[in-house]
Amino acid sequence: VYFLIECRPLMGKTFSINETVVYSGHGVGVIKEIVQKTVANEVIDYYVIYLPDSDMTMWVPQSQTEALGVRAMISPEMAREALKFLSEVNEPVIMDWKARYQKNMQLFKSGDIKNTAVVLKSLYRRSKVKELPIQERKLYEASYHIFQDEIVAVLGLPEREVEEMIHIAIEPVGEEEVVKISKKSLTMESDEDEIDVDDEIDEDM
């Protein structure tokens, strides 16, 4: 599956073929090609980014990388800082779920790993009080996997080891076991009003 992203006249960052990058809202990917395509009589350079976790290929205009949240991987030092931040951050939980969802979606779309940590931690804490509606559960899963995948790629550690590191960061030792996450689709029922989180995540990308 591949997607062609609409081009707008902006400046973008420069990446190389085979470079690993993070695509905000989508996860860790690899620049497979840099190609040219004519759109409306204009020749546009595209990064062809393969996202192994979702088995998708995205065509992102070079001029749009920054606006669309395509960024370089963080450093190992920053990865360790992000794990420490995850253990320490305790943002107040917004009780109104729609306001909470919109705030968390904005943080998630920013692509910043610490913002992703805020979403992950706050939704986990909320899930300890009350079961998350399906759209927030999807956002929780997405933030968990994007956070985890970048830490795995940067530190070169096994996925299971990083899962344990995240577990320790969000659930102090001795308390109830962390909610387990599956990369398979999750079926849940909720009596809350639904918002399509997949459309929300892809919107404006």
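Glutamine 36 touches Val43, Ile44 and Asp45 when residues up to four places away in sequence are left out. The model in which these contacts occur is a predicted one. Glutamine 36 belongs to strand E3, which spans residues 27-39. With a relative accessibility of 59%, glutamine 36 counts as exposed, because the cut-off for that class is over 50%. Between the C-alpha atoms of glutamine 36 and tyrosine 47 the separation is 9.0 Å, and the two residues are 11 apart along the chain.

**Overall architecture**

The protein contains 7 helices and 6 strands. Along the sequence these elements follow the pattern β-β-β-β-β-α-β-α-α-α-α-α-α. Of the 205 residues in the protein, 44% are buried. Among contacts between residues at least 6 apart in sequence, 66% join residues at least 24 apart.

**The E4–E5 hairpin**

Strand E4 (residues 42-51) pairs with E5 in the antiparallel sense, over 6 bridges. One of the paired positions is tyrosine 46, whose bridge partner in E5 is proline 61. The two strands form a hairpin with 4 residues between them.

Strand E5 covers residues 56-61, and 6 of its 6 residues are buried, so the strand is largely enclosed by the rest of the structure. Met56, Met58 and Val60 point one way from E5, while Thr57, Trp59 and Pro61 point the other way; the residues of both sets are buried.

Aspartate 55 lies in the loop between E4 and E5. Its relative accessibility is 47%, so aspartate 55 counts as partly exposed.

**Backbone at positive phi**

Most residues other than glycine have a negative phi. Aspartate 55 has a positive phi of about 55° although it is not a glycine. Asparagine 18 likewise has a positive phi, near 75°, and is a residue other than glycine. Asparagine 18 is placed in the loop between strand E1 (2-4) and strand E2 (20-23). At a relative accessible area of 57%, asparagine 18 is exposed.

**Helix packing and the surroundings of valine 162**

Two packed helices are described by the angle between their axes and the distance between the axes. Helix H2 (residues 76-88) and helix H6 (residues 159-170) pack at an angle of about 35°, and their axes are 7 Å apart. On the H2 side the contact is made by Leu83, Leu86 and Ser87, and on the H6 side by Met165, Ile166, Ala169 and Ile170. Sorted by class, this contact of H2 with H6 has 6 nonpolar residues, 1 polar residue and no charged residues.

Helix H6 also holds valine 162. This valine 162 has a relative accessible area of 0% and is buried, because the cut-off for a buried residue is under 20%. Valine 162 touches Gln148, Ile151, Val152 and Leu157, not counting residues up to four places away in sequence. For glutamine 148, the C-alpha to C-alpha distance to valine 162 is 6.7 Å, with their positions 14 residues apart in sequence number.

**Internal cavities**

Rolling a probe the size of a water molecule over the atoms shows where empty space is left. The structure holds 2 cavities of 30 Å³ or more. Their volumes and the classes of their lining residues are set out below.

| Cavity | Volume | Nonpolar lining residues | Polar lining residues | Charged lining residues |
|---|---|---|---|---|
| Largest cavity | about 70 Å³ | 4 residues | 2 residues | 3 residues |
| Second largest cavity | about 30 Å³ | 2 residues | 4 residues | no residues |

The lining of the largest cavity consists of Glu91, Pro92, Val93, Ile94, Arg100, Lys103, Asn104, Val118 and Ser122. Helix H3 (97-110) and helix H4 (113-129) each supply at least two residues of this lining. The largest share, 3 residues, comes from H3.

Which residues line the second largest cavity? They are Ser24, Gly25, Phe108, Gly111, Thr116 and Ile146. No charged residue is present in the lining of the second largest cavity, whereas the lining of the largest cavity includes 3 charged residues.

Methods
Residues numbered from 1 in each chain as written. Predicted model: local features only at pLDDT ≥ 70, side-chain atom pairs only at ≥ 80, totals over all residues. Heavy atoms only, no water. Axes fitted to C-alpha atoms, helices over the stretch in contact; angles between N-to-C directions. Contact = heavy atoms within 4.5 Å. Nonpolar A, V, L, I, M, F, W, Y, C, P; charged D, E, K, R; others polar. Buried < 20%, exposed > 50% of the residue type's maximum accessible area, 1.4 Å probe, protein only. Pairing = 2+ DSSP bridges. 1 Å grid on protein atoms, 1.4 Å probe; cavity = no way out; pocket = protein on both sides within 12 Å on 5 of 7 lines; lining within 4 Å. Points joined across faces, edges and corners; volume = space filled by probe spheres on them.
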